Amino acid sequence: MAKEKTLEDLFHDTLKDIYYAERKILKTLPKMARAAQSDSLKAAFEKHREETEGHIERLQQVFELLGKRPQGKTCDAIEGIVAEGEEIIDEFKGTAALDAGLISSAQAVEHYEMTRYGTLKRWATELGLNDAATLFDATLKEETKTDSDLTKLADASVNQRAKAA
Ligand SMILES: [Fe+2]
């Protein structure tokens, strides 16, 4: 019979998933900042790259709280989302629509992270890991803020510019 698995196993696996994803995002954001045409979008990606370093540190703190070594587990979802973003960079390079496409793929990343942190926060609370829940909540707030800042940028100018060319 298969060994019983519990919420704690799910929690640990999901922690490894988002740890992998965050490190992938840390490597991807500089490429997105370089590709972005508008200065405000470049700045938004650079700011989020710095925040992402903090997200990785918080995850390392959670591993520590569990008495486990920080370890990633390949996250196919983030690989797919990032690959689609790279496709947009290739296919829209030099066009007025590029920044709108970059925002759309960055928002796909943010929403993926928001689902992961939302789940992890609830599971941490359920497991009595309140310090971990607080750490997840801090990151969740930054991901949510980044997502809404990107929407504002898209609405303020980027989508218009993409349409007007
Ligand atoms: Fe993050």
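Two aromatic rings, from Phe, Tyr or Trp, count as a pair if their centres lie within 6.5 Å. Keep that in mind as you click around this predicted model.

**Stop one: the cluster.** Select Phe11, Tyr117 and Phe136, which together form one aromatic cluster. Now hide Tyr117 and look at the other two. Phe11 and Phe136 make an edge-to-face pair, with 6.0 Å from centre to centre and 70° between the planes. Colour the helices and you'll see that this pair ties together distant parts of the chain: Phe11 belongs to helix α1 and Phe136 to helix α5 (residues 130-164), 125 residues apart. Switch on the surface, too: Phe11 and Phe136 are both buried.

**Stop two: another pair.** The structure holds 3 aromatic pairs, so let's visit one more. Pick Tyr19 and Phe63, an edge-to-face pair at 5.3 Å centre to centre, again with 70° between the planes. Here Tyr19 in helix α1 meets Phe63 in helix α2 (residues 39-66), and 44 residues separate them. Are these two buried or exposed? Buried means under 20% relative accessible area. Tyr19 has 5%, so it counts as buried, and Phe63, at 0%, is buried as well.

**Stop three: helix α1 itself.** Select residues 7-35 and draw a line between the end C-alpha atoms: they are 41 Å apart. What span should the 29 residues have? At 1.5 Å a residue, 42 Å is expected, so the two values agree. Now slide along to Thr28, where α1 bends by about 30°. Just past the bend, look for a proline: Pro30 follows within four residues.

Technical notes: Residues numbered from 1 in each chain as written. Predicted model: local features only at pLDDT ≥ 70, side-chain atom pairs only at ≥ 80, totals over all residues. Heavy atoms only, no water. Helix = DSSP H or I, 4+ residues; strand = E, 2+ residues; numbered from the N terminus. Expected span 1.5 Å × (residues − 1). Bend = angle between axes of the 7 residues up to and from the residue. Phe/Tyr/Trp six-rings, centres within 6.5 Å; stacked < 30°, edge-to-face > 60°. Buried < 20%, exposed > 50% of the residue type's maximum accessible area, 1.4 Å probe, protein only.
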